[in-house]
Structures are given as C-alpha cells and as structure tokens.
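Biologist: I am new to this structure and would like a close look at one part of it. Please take me through the sheet, and then through what lies around it.

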Amino acid sequence: MDYCKKEQDDHRDGAGDVTEWKKVAELRAVVEAQDPACKCVCVQEEDDYQLRRFLRARDHNVGKASAMVLKYLQWKRELKPGGRAITDDEVRGELAQEKLYMQGYDRQGRPLVYLFGARHFPARRDLDEFKRYVVYVLDRTCARLAVAGSGNGGGHQEKFAAVADLQGWGYYANCDIRAYVAALEIMQNYYPERLGRVFLIHVPYVFMTAWKIVYPFIDDNTKKKFVFVADKDLHATLREAIDDSQLAEDHGGKLKLLSPAINNTVVVS
C-alpha cells in the first residue's frame with residue numbers, strides 16, 4: 001500500500017482554499033467575541049494555521065471549533081502560564097525510562113517519534129507527571145515542524161509521524177489505560193490535526209485487549225491514522241515511509257537513537 005500517496009491525496013494537508021480561510025477568520029472573530037479577555041493576547045498568539053487545525057478537527061463547524069479553541073486557551077493558561085515550556089526537571093522520571101525518542105523525519109518531511117511500549121511501567125508512573133510529559137513531547141515535536149517545512153520535504157509541514165514498537169509489551173507489566181486515554185485526550189483536544197500517522201509494530205495479540213478499551217476514546221479523524229503492521233510487512237512498510245538514514249537501527253535502519261537526556265540536554269533532531 002502506498003502510504004505516502006494515500007496521505008498526499010488527503011486534502012486536509014493542502015494549502016486551504018479561500019472559503020476555508022474565510023472560516024478561519026470567522027472562527028477567530030467568534031472566539032474573541034465569546035471571550036473578550038482573549039482578544040488582545042490569547043487568540044493573537046495562535047496563528048491562522050493553528051486555528052485552521054481546530055476548524056478541521058470539527059469538520060469546519062465554526063461553533064464546535066470555537067468551543068474547542070476556548071477550552072484549549074483555558075488549558076494553556078493554566079498549564080503554561082505566560083507561554084512557559086515544560087522543563088526537563090518536571091518530567092525527569094519519564095525521561096529516565098528512555099521509552100521515547102524524538103529523532104528523524106519520514107519521506108514526507110514529518111518529524112518522527114519512536115516509542116517503545118514495553119518501557120512504560122504504570123506501577124512507577126505519576127499520572128500528573130505523565131501528562132506533563134505528553135505536553136513536553138508534543139511541544140518539542142511541533143517545534144521541529146519549522147525545520148521540517150524548511151528543509152525536509154519543503155512546504156508548510158504541520159504533522160508528525162510515529163513508530164510505536166510493542167515488542168515485549170505485557171498486559172500486567174505495561175498496560176496503562178488511564179495514561180493512554182490521557183495522552184489521547186491531550187493530543188486530540190489541544191494538538192488537533194498534528195498527528196499524521198502511527199505505525200504500530202511487533203504488536204502482541206494481548207495488546208488488542210487494551211486496544212479495544214482505548215479505541216472508543218479515539219475520534220474518527222484520528223482512528224484512521226493508526227496502522228497495524230504485520231511482521232511479514234514490516235520491512236517494506238517502514239521503508240516505504242521512512243528512508244534508511246532516518247529509520248532507527250532498532251528497526252533495521254541507520255539512525256542511532258540517542259538517550260532522550262544527555263548531560264541534561266534533551267536530544268531532538
């Protein structure tokens with residue numbers, strides 16, 4: 001299956017037509033009218049592409065999109081007052097597990113995230129720290145999009161891709177429904193239309209029990225972005241989407257994954 005062509009054929013990544021941009025302007029005006037306190041600062045901090053993502057996430061329904069934006073702005077004020085970033089120290093416990101790497105780009109120029117599900121242990125995690133970690137990762141991944149758009153595929157890149165390796169994942173040792181749902185809610189509610197594709201690989205049969213529980217929490221636009229890759233198709237599927245130089249060594253490529261935190265400096269590339 002030609003994943004690159006399939007995604008390029010999806011009009012949701014296009015430059016947008018005149019009608020869509022008019023709706024973006026309408027959305028901005030509605031949000032400012034509903035929350036005048038946002039007019040001078042909050043909404044102005046969000047560019048038109050950001051508002052367009054919220055609009056697309058609600059199928060261009062301005063009323064629903066405005067409610068989503070207002071909820072996002074309130075969340076942002078509370079979690080990141082003054083626009084501050086989540087620091088390494090606030091997620092030190094999560095970083096120490098080395099379960100996620102923000103390195104590489106796929107063939108469409110989208111930043112890659114490599115995840116290893118068997119390195120997440122719910123018995124050791126603090127849910128509040130985990131939520132901060134999700135925001136930490138998403139913010140840093142989105143920051144890489146500017147690089148992606150300028151030098152890795154060109155154009156205005158708004159989405160990232162991920163490879164989730166579930167080899168060794170065990171239901172009792174690694175299953176964490178609360179954390180999975182929390183991550184989905186953060187991504188879908190506050191980072192809409194950022195996810196491009198997730199390849200789930202080395203998926204054990206027992207994982208499907210957890211998947212069936214989590215699946216109803218995934219919105220329709222996001223569900224189609226999860227791709228389960230059979231072991232027999234793994235080599236061809238990953239190389240169709242990712243060049244060898246950007247594919248992790250763990251998956252047969254040439255990209256060496258570095259510790260997420262080396263000398264207190266987070267590795268993103």
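Modeller: What follows starts with the sheet and then moves to the loops, a helix and the salt bridges. Keep in mind that this is a predicted model.

Start with the strands. The sheet is open and has five of them. Their order is β1-β2-β3-β4-β5, and the pairing is mixed. Which strands stand at the edges? They are β1 and β5, the latter covering residues 226-228. Each has a single partner strand, so one side of each is left without a neighbour in the sheet. As background, strands of a sheet pair through backbone hydrogen bonds, either parallel or antiparallel.

Now look at β4, residues 195-201. β3 pairs with β4 in the parallel sense, over six bridges. In that pairing, Val163 stands opposite Phe199 of β4. β4 also runs parallel to β5, and three bridges join the two. Here Val198 stands opposite Phe226 in β5. Phe199 stands opposite Val227 in β5. Phe199 therefore faces Val163 in one pairing and Val227 in the other. How many residues of β4 are buried? Seven of the seven are, so the strand is largely enclosed by the rest of the structure.

Next, follow the chain out of β4. His202 is found in the loop between β4 and α10 (207-214). The phi of His202 is near 50 degrees, a positive value in a residue other than glycine. Glu98 is another such case, with a positive phi of about 50 degrees although it is not a glycine. Glu98 is found in the loop between α5 (92-95) and β1. Its relative accessible area is 31%, so Glu98 is partly exposed.

Go on to the loop between β1 (100-101) and β2 (112-116), which holds Arg110. Is Arg110 buried or exposed? Arg110 is buried, with a relative accessible area of 3%. Its side chain makes a polar contact with the side chain of Asp106, at 2.7 Å.

Arg107 lies in the loop between β1 and β2 too. The side chains of Arg107 and Asp243 meet in a salt bridge, 3.7 Å from N to O. Asp243 sits in the loop between α12 (234-241) and β6 (261-262), so the pair ties together parts that are 136 residues apart in sequence. Both ends are partly exposed: Asp243 has 34% relative accessibility, and Arg107 has a relative accessible area of 43%.

After β2, turn to helix α6, residues 127-143. At its start, a side-chain oxygen of Asp126 reaches to within 3.2 Å of the backbone nitrogen of Asp128. How far apart are the end C-alpha atoms of α6? They are 24 Å apart. At 1.5 Å a residue, the 17 residues should span 24 Å, so the two values agree. Several residues of α6 are buried, among them Leu127, Phe130, Tyr133, Val134, Val137, Leu138 and Thr141. In general, an α-helix has 3.6 residues a turn, so residues three or four places apart point the same way.

Last come the other salt bridges. The structure holds 17 of them. One joins the side chains of Arg52 and Glu20, at 3.8 Å from N to O. Arg52 lies in helix α3 (residues 48-57) and Glu20 in helix α2 (residues 18-34), so the pair ties together parts that are 32 residues apart in sequence. Both partners are buried. Arg52 has a relative accessible area of 2%, and Glu20 has 7% relative accessibility.

Arg53 forms a salt bridge with Glu158, and their closest N and O atoms are 2.5 Å apart. This pair links distant parts of the chain, 105 residues apart. Arg53 is in helix α3, while Glu158 is in the loop between α7 (145-151) and β3 (160-165). Arg53 is buried, at a relative accessible area of 6%. Glu158 counts as buried as well, at 7% relative accessibility. Which residues do shared partners join into one network? They are Glu20, Arg52, Arg53, Arg56 and Glu158. That brings us back to the sheet, since the loop holding Glu158 lies between α7 and β3, and β3 pairs with β4.

Conventions: Residues are numbered from 1 along each chain as its sequence is written. This is a predicted model: local features need pLDDT of at least 70, side-chain atom pairs count only at pLDDT 80 or more; totals for chains, interfaces and linings use all residues. Side-chain values use heavy atoms; hydrogens and water are left out. Helices (H or I, at least four residues) and strands (E, at least two) are DSSP runs, numbered from the N terminus. Buried means under 20% relative accessible area, exposed over 50%, partly exposed in between (1.4 Å probe, protein chains only). A polar contact is a pair of N or O atoms within 3.5 Å; within protein, one must be able to donate a hydrogen and the other to accept it, and residues adjacent in sequence count only if both atoms are side-chain atoms. Two strands pair if DSSP finds at least two bridges between them. The expected span of a helix is 1.5 Å times one less than its number of residues. A salt bridge is a side-chain nitrogen of Lys or Arg within 4 Å of a carboxyl oxygen of Asp or Glu.
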